[in-house]
Amino acid sequence: MPHPDWNERYRDADTPWDTGEPDVHLVEFVQSGAVKPGRALDVGCGTGTNAIWLAGQGFPALGVDLAPRAIEQARAKAADAKADCRFEPLDFLNDRVSGGPFDLVFDRGCFHVFDEAEERERFAEHVASLLAPGGRWLSLVGSTEGPARDWGPPRRTLRDVVGAIEPALEIQELRSVEFRANLPGPAAAWLCLARPREVPAQPSSRRE
């Protein structure tokens with residue numbers, strides 16, 4: 001299934017995920033003190049709301065997005081806010097990300113847009129390569145829970161999420177939440193928190 005033309009979506013303001021408010025799960029995580037201020041990366045940053053908020057919390061932030069039009073809007077918002085962040089248009093799966101390593105990588109609905117397992121695995125591997133020791137990746141992923149719908153974020157199973165992330169990073173928390181956006185109704189999501197591995201993932205045990 002072809003990926004949407006993200007630049008066109010921003011041009012037409014067809015962006016229901018862009019609420020103009022920082023993501024509540026990111027806010028709760030940062031305000032909990034679970035991660036100390038340091039370099040932050042917002043993958044699929046859109047118009048920059050979360051990166052700008054992070055900068056205001058003491059996280060010098062880099063936002064990256066595939067859509068140049070989104071980056072233009074993010075830069076304008078950051079300039080108005082005089083925020084300590086920068087924005088770059090790039091393809092996260094294929095382009096080099098400068099400015100790392102990062103103490104926090106945040107992804108609100110970018111990991112889940114990739115239909116192929118190999119692409120999701122590459123995404124997780126790229127995150128792992130960019131995290132500082134002790135860093136954290138917080139990801140909001142559309143879930144297969146809840147009733148059928150023909151709108152909202154892509155749906156990924158727990159197997160999709162864990163299968164991609166577990167080999168590259170240690171999953172610390174994985175729970176069901178709600179993807180809050182300008183949608184016709186609630187959309188279930190997974191909130192995944194992961195950190196760099198100190199030892200490789202071990203093979204599944206088998207009782208003899």
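## How H2 and H3 meet in this chain

The crossing of helix H2 with helix H3 is right-handed. Three of the residues that build this contact come from H3, namely Asn50, Trp53 and Leu54, and they meet Leu26, Val27, Val30 and Gln31 of H2. Sorted by class, the H2–H3 contact holds five nonpolar residues and two polar ones, with no charged residues. Please keep in mind that you are looking at a predicted model.

The two partners can be set side by side:

| Helix | Residues | Contact residues |
|---|---|---|
| H2 | 24-31 | Leu26, Val27, Val30, Gln31 |
| H3 | 49-56 | Asn50, Trp53, Leu54 |

How do these helices lie relative to each other? The angle between H2 and H3 is about 20°, and their axes are 11 Å apart. Angles under 35 degrees count as roughly parallel, so H2 and H3 are roughly parallel to each other.

Now for the chain as a whole. It contains six helices and seven strands, and starting at the N terminus the order of elements is α-α-β-α-β-α-β-β-α-β-α-β-β. With a radius of gyration of 17 Å, close to the 17 Å that the globule rule gives for 208 residues, the chain is as compact as a globular protein of that length. Along the principal axes, its C-alpha atoms fill a box of roughly 65 × 40 × 30 Å.

Two more values fill in the picture. Of the 208 residues in the chain, 44% are buried. Among contacts between residues at least 6 apart in sequence, 69% join residues at least 24 apart.

How values were computed:
Residues numbered from 1 in each chain as written. Predicted model: local features only at pLDDT ≥ 70, side-chain atom pairs only at ≥ 80, totals over all residues. Heavy atoms only, no water. Axes fitted to C-alpha atoms, helices over the stretch in contact; angles between N-to-C directions. Helix = DSSP H or I, 4+ residues; strand = E, 2+ residues; numbered from the N terminus. Parallel < 35°, antiparallel > 145°, perpendicular 65-115°, else oblique. Left-handed = near helix turned anticlockwise from the far one by under 90°. Contact = heavy atoms within 4.5 Å. Nonpolar A, V, L, I, M, F, W, Y, C, P; charged D, E, K, R; others polar. Rg over C-alpha atoms; globule rule 2.2 N^0.38 Å. Buried < 20%, exposed > 50% of the residue type's maximum accessible area, 1.4 Å probe, protein only.
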